[in-house]
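Welcome to this short guided tour. Have a look at the sequence and the structure below, and then read on with the picture beside you.

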Amino acid sequence: MCVLKFEKFSGDTTSAARVGRVTTRHGIFDTPAFMPVGTQGTIKGILPEQVAATGAQCILANTYHLMLRPGETVVAELGDLHRFMAWPGPILTDSGGFQVFSLSDINVIDEEGVTFKSHVDGSIVQLTPERSMAVQNALGADIIMAFDECPPALAPREYHVAAVGRTLRWAQRCVAAHGRADAQALFGIVQGGTHPELRAQCAAKLVAMDFPGYAIGGLAVGEGFEAMKQVLADTVPLLPDDRPRYLMGVGFPRDIVAAVAAGVDMFDCVLPTRNGRNAYAFTAGGPIRLRNSRFVSENAPIEAGCDCYACRHFSCGAIRHFFFAGEMLGPILVSLHNIRFYQRLMSDIRRAIGAGWFDEFRQTDPRCRLGPAPVADASAGG
Ligand SMILES: [Zn+2]
């Protein structure tokens with residue numbers, strides 16, 4: 001088979017939403033898809049079989065973290081990332097670019113790449129397009145990402161102009177350095193901030209390079225919901241209809257639904273697990289904080305009707321106790337619920353598009369309005 005196949009099954013008549021399936025050498029995933037994030041080679045606290053039981057079919061790991069520790073050669077010596085993560089299905093690795101720009105203490109950004117101080121041991125490390133490809137080739141994920149420059153959301157336009165130019169030159173270097181094009185699909189990343197003409201220029205040049213899939217980067221970094229929707233409306237139609245489209249690092253259910261309507265197929269975000277570890281549970285009625293005192297004697301599950309392991313077996317009162325007692329099971333159970341919440345949302349989105357009522361779904365389903373709103377019960381303390 002070719003390295004990656006995308007089949008589009010049906011499209012929505014009222015929006016650009018579509019249902020499809022991506023086939024990789026390690027199996028398939030249905031789109032629109034949400035990929036849970038396993039930053040350090042593990043989805044924190046959750047066994048792979050439990051991740052699979054939530055309905056997740058493709059997961060993500062971070063190149064930046066794994067190259068610094070344990071190092072890509074160690075992962076390769078231990079088999080590859082599928083063996084390392086005990087995940088036989090599809091895996092995507094990012095390029096390391098976003099983490100270098102957002103997490104690290106950067107020394108120099110130049111045409112060659114980015115030189116930064118490792119957050120693990122303080123050593124000076126250089127990440128270049130060639131190095132990102134070598135690391136991702138060694139890790140062995142099914143989908144790998146081009147190394148791009150990710151300017152801050154509010155960077156001046158001139159910075160975005162320079163970053164688009166560099167992102168395009170780096171994308172060409174990534175294609176040239178990709179050593180396993182027969183086994184791993186390399187996606188290009190569209191940058192350009194909130195400037196439509198820069199997004200269009202970046203998209204056109206990447207499309208001319210004929211990638212098997214395309215990502216939209218540099219969103220959900222503080223530009224706001226309306227600006228994000230505008231960038232998607234301007235950019236997604238410029239990407240080929242027969243390739244998967246991936247919106248990186250997004251987001252809240254509201255953002256995902258809006259992006260699906262714009263024609264995006266793939267998503268990843270740390271929200272379900274990061275918030276889950278902090279006792280923040282997603283529910284259709286809005287987020288709840290399980291440390292809140294109102295849950296002390298609450299015998300109900302996190303969300304009535306949820307079929308996840310946490311909701312089938314545990315009361316909110318018990319989960320609240322686990323958080324206050326510092327028990328591992330608290331973060332585990334809420335992470336599990338949140339991942340299942342996201343997977344239920346995605347499967348309901350796919351079903352709604354396939355059945356021809358996605359427009360009604362996004363107007364009426366309360367989950368489609370869940371954004372970074374203040375927590376409803378925050379004032380109750382606890
Ligand atoms: Zn649940």
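Strands E2 and E3 (residues 27–31) run antiparallel and are joined by five bridges. One such pairing sets Val22 against its bridge partner Phe29 in E3. To get from E2 to E3 the chain makes a hairpin through two residues. Please keep in mind throughout that this is a predicted model.

On E2's pairing with strand E1 (residues 5–11), the two strands again run antiparallel, this time with six bridges. Here Lys8 stands opposite Gly20 in E2. E1 and E2 also form a hairpin, with six residues between them. How much of strand E2 is covered? Strand E2 (residues 18–24) has six of its seven residues buried, so it is described as mostly covered.

## The open sheet

Next comes an open sheet of nine strands with parallel pairing, in the order E4-E15-E14-E13-E12-E11-E7-E6-E5. Which strands lie at the edges? They are strand E4 (33–35) and strand E5 (37–38), each of which pairs on one side only.

Within this sheet, strand E12 (residues 185–190) and strand E13 (residues 214–216) run parallel and are joined by three bridges. Ile189 has Ala215 in E13 as its bridge partner. Helix H8 (residues 196–208) packs on the sheet, where it touches E12 and E13, and its direction makes about 160 degrees with that of E12. Helix H14 (residues 329–355) packs on the sheet as well, touching E4 and strand E15 (266–268), with its direction at about 165 degrees to that of E4.

Helix H9 (residues 225–235) is worth a pause. Its buried residues are Met228, Val231, Leu232 and Thr235. Why do they sit on the same side of H9? They cover an arc of only 100 degrees around the axis, which puts them on that same side. As background, an α-helix has 3.6 residues a turn, so residues three or four places apart point the same way. The buried residues of H9 pack against E12, H8, E13, strand E14 (245–247) and helix H10 (253–261).

## Two buried residues

Thr93 is found in strand E7 (residues 91–93). Is Thr93 buried or exposed? With a relative accessible area of 0%, Thr93 falls under the 20% limit and therefore counts as buried. Leaving out residues up to four places away in sequence, Thr93 touches Ala61, Thr63, Leu81, Gln136, Leu139, Ala141, Ile143, Ile144 and Met145.

Asn62 is found in the loop between strand E6 (59–61) and helix H2 (63–68). Asn62 counts as buried because its relative accessibility is 4%, and the limit for buried is under 20%. Apart from neighbours within four places in sequence, Asn62 is in contact with Val37, Gly38, Thr39, Asp94 and Gln99. Where does Gly41 come in? Gly41 is 21 residues from Asn62 in sequence, and their C-alpha atoms are 7.6 Å apart in space.

## Backbone details in the loops

Several loops hold backbone angles to look at. The table lists them.

| Residue or bond | Backbone angle |
|---|---|
| Arg69 and Pro70, cis peptide bond | omega about 5 degrees |
| Val250 and Gly251, cis peptide bond | omega about 0 degrees |
| Ala86, not a glycine | positive phi of about 55 degrees |
| Asp210, not a glycine | positive phi of about 60 degrees |

Pro70 is in the loop between H2 and helix H3 (72–77), while Gly251 lies in the loop between E14 and H10. You will find Ala86 in the loop between helix H4 (81–85) and E7. Ala86 counts as partly exposed because its relative accessibility is 47%. Asp210 lies in the loop between H8 and E13.

## The zinc ion

To finish, turn to the metal. Which residues coordinate the zinc ion? They are Cys306 (SG), Cys308 (SG), Cys311 (SG) and His337 (ND1), at 2.1 to 2.3 Å. The four donor atoms subtend angles of 100 to 119 degrees around the zinc ion, which makes the arrangement tetrahedral; the criterion is that all angles lie between 85 and 135 degrees. Along the sequence, the donor residues follow the spacing C-x1-C-x2-C-x25-H. Cys308 and Cys311 are both buried.

How values were computed
Residues are numbered from 1 along each chain as its sequence is written. This is a predicted model: local features need pLDDT of at least 70, side-chain atom pairs count only at pLDDT 80 or more; totals for chains, interfaces and linings use all residues. Side-chain values use heavy atoms; hydrogens and water are left out. Donors are N, O and S atoms within 2.8 Å of the metal (3.2 Å for Na, K and Ca); water is not among the atoms, so sites may look incomplete. Four donors count as tetrahedral if all angles lie between 85 and 135 degrees; four count as square planar and six as octahedral if opposite donors are over 155 degrees apart and all others between 65 and 115; anything else is irregular. Buried means under 20% relative accessible area, exposed over 50%, partly exposed in between (1.4 Å probe, protein chains only). Helices (H or I, at least four residues) and strands (E, at least two) are DSSP runs, numbered from the N terminus. Contact means heavy atoms within 4.5 Å. Two strands pair if DSSP finds at least two bridges between them. Axes are lines fitted to C-alpha atoms, for helices over the stretch in contact, and angles run from 0 to 180 degrees between N-to-C directions. The arc is that of the directions from the helix axis to the C-beta atoms.
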